[in-house]
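Trainee: I would like to learn how to read a structure like this one. Could we go through it together?

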Amino acid sequence: MAITSDARLDTAERTGIGLRLPHIAEVVATRPHVGWLEIHPENFLANPHGLESLTDLAREYPVSVHTVGISIGSADGIDRDHLIRLRGLVDRLNPVLVSGHLAWSTVGGAYLNDLLPLPYTAETLRVVVAHLAEVQDALGRAYVIENPSWYVSLATSTMTELDFLHALVDESGCRLLCDVSNVHLSGHNMGYDPYRFIDEFPSDSVAELHLGGFTPEHDDATPGETVLVDTHAHAVAEPAWQLYAHALRRFGPRPTIIEWDNDLPPLAVLIEEAAQADRIREATREDRHAHAG
Amino acid sequence: MPTLADVQAAIRHAVVDGDGAAVAGVLVGGTHPERRLAIHRRHYHASLTRALVERFPATVWLVGSELVTHVATSYVGEHPPSRPCIAEYGEGFPRYLGAHPSAASLPYLAQFAELEWHVGRLALATDASTNVQYVHLDWSLDELIGFYLTDTAPDEYALRQEDVWLEVRGLRGELQLNRLTSEEFAGRVSLQSTGAHS
């Protein structure tokens, strides 16, 4: 039985999956036992037929909208045409959450189809806070910000990513999406402790958690080392599951999504990944109760 | 300190054009962080080239993936997307493909790819008032794309150079390619431009 719209706020009780177009017919036909569905609106804005099916699913499942095209850190500003289209989709789906990334993708009228690194400076903070307000005004609802995955950072940063996230929450009041796999990946690539990052993350602001697969590659930047690439093309790796358990002990249960975007497996594999997240959440819930007792 | 705009312009040059000189000095990550930026450059080119090739499967069927991929790679370097819906990226690709030196011996290729662009878009339509496109062809390309769509390609086919006045309709995955007379075509295009729909 799928969660109905009456249980929209109970998404934390069962993990959801990222819904991609190749799986949508099967999800419509089989109504799998997952807590909720998360979509990239950019896939559906260009596909009215797919959006019809999604609208049907949104009557039965809680749906969240996770944008990849807002480019909230662009110095050039926000693409208002895209915002208008996004508002139309949000009004149609009435999602439980709308989110995007602390990154940028657009410059000089070019959309670079990637989530690119920001310098963590006072200027960037002003830009992101202003754009966040613009996006929330345009959408008529809260916009949740996700920590990105990094291969490089910028030496011009004057604060750490954690300092920046805390400042962003303080100045804007926004809520955060903690991508646990991104924390593991960026910790590996940039040389910091992902457990300490979780410990110091603004825990009261965590609205959602993400888990996704990555690809280890030879690191041309440091011969003999590996770099983890955020491909979303594999199952969640064991170190990320362990970090997820730590995050749940730190944050408490939070709505969680399994992301898989490339080299998509059968739908059953995603559902099993979601079930694994559920088992970890139950185990950590027992840990928390035991410690509380 | 460079401004945010400066940094983003420099990263664009590194990602799209491969010129990382302006940004190399401000990157952190590994011993040679500029090489890490190559991950973003590779993603930009690979993901958009793949998106274009997948957007034109009939064109790939017609002339092979090597040619389409080669030209798509050039297109992505010269014409970045302007919008984040990547399924809408590539409207200018048919003309670019047709004008590319690699396609010099295929004078019908641009029109075939443009017909496929419309077919792909209309197949996803759900609104009967906006699900039609009128296309003039100089070749019997409607027959050729029909072979692809119905998986009924003959062993041999002689493409004819002729005027084809085509109405393409699509709705929820169903497609109709209807040949019209030139008078019918002109009349329906006129009706469409004034907002009336048949």
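Mentor: Happily! Helices (H or I, at least four residues) and strands (E, at least two) are DSSP runs, numbered from the N terminus. By that rule chain B holds nine helices and four strands, while chain A has 10 helices and 13 strands. This is a predicted model: local features need pLDDT of at least 70, side-chain atom pairs count only at pLDDT 80 or more, and totals for chains, interfaces and linings use all residues. Residues are numbered from 1 along each chain as its sequence is written, with chains lettered from A and ligands numbered from 1 in the order in which they are written.

Trainee: What is the radius of gyration of chain A, and how does chain B fare against a compact globule?

Mentor: The radius is taken over C-alpha atoms, and the globule rule is 2.2 Å times the number of residues to the power 0.38. Chain A has 18 Å, close to the 19 Å that the rule gives for its 293 residues, so chain A is as compact as a globular protein of that length. For the 198 residues of chain B a compact globule would have a value near 16 Å, but chain B has 21 Å. Along the principal axes, the C-alpha atoms of chain B fill a box of roughly 65 × 40 × 25 Å.

Trainee: Which strands make up the closed barrel in chain A?

Mentor: Two strands pair if DSSP finds at least two bridges between them. In chain A, eight strands run E1-E2-E3-E4-E7-E9-E10-E13 in a closed barrel with parallel pairing. From one strand to the next, the twist averages 25° (axes are lines fitted to C-alpha atoms, for helices over the stretch in contact, and angles run from 0 to 180 degrees between N-to-C directions). Strand E1 (residues 16–18) and strand E13 (residues 256–259) of chain A run parallel, joined by two bridges. A:Ile17 has A:Ile258 as its bridge partner in E13(A).

Trainee: Where else does A:Ile258 turn up, and which residues does it touch?

Mentor: Contact requires C-beta atoms, placed from the backbone, within 7 Å. Not counting residues up to four places away in sequence, A:Ile258 touches residues including A:Leu211, A:Val236 and A:Leu270. A nonpolar core is a set of buried Ala, Val, Leu, Ile, Met, Phe, Trp, Tyr and Cys residues joined through C-beta atoms within 7 Å. Buried means 20 or more other C-beta atoms within 10 Å of the residue's own, exposed means 12 or fewer, and partly exposed lies in between. The largest core has 121 residues, of which A:Val180, A:Tyr244 and A:Ile258 touch the most other members. Its largest share, seven residues, comes from helix H1 (residues 4–17) of chain B.

Trainee: Why is helix H7 of chain A largely enclosed?

Mentor: Nine of the 11 residues of H7(A) (residues 180–190) are buried, so the helix is largely enclosed by the rest of the structure. Among those buried are A:Val180, A:His184 and A:Leu185. The buried residues of H7(A) pack against elements of chain A including strand E9 (176–179) and helix H9 (238–251).

Trainee: And how is the open sheet of chain B ordered?

Mentor: Its three strands follow the order E2-E3-E4, with antiparallel pairing. Strand E2 (132–139) and strand E4 (174–180) are the edges, each pairing on one side only. Seven bridges join E2(B) to strand E3 (residues 161–171) of chain B. Helix H7 (residues 109–122) of chain B packs on the sheet, touching E2, E3 and E4 of chain B, and its direction makes about 160° with that of E2(B).

Terms used: Contact = placed C-beta atoms within 7 Å.
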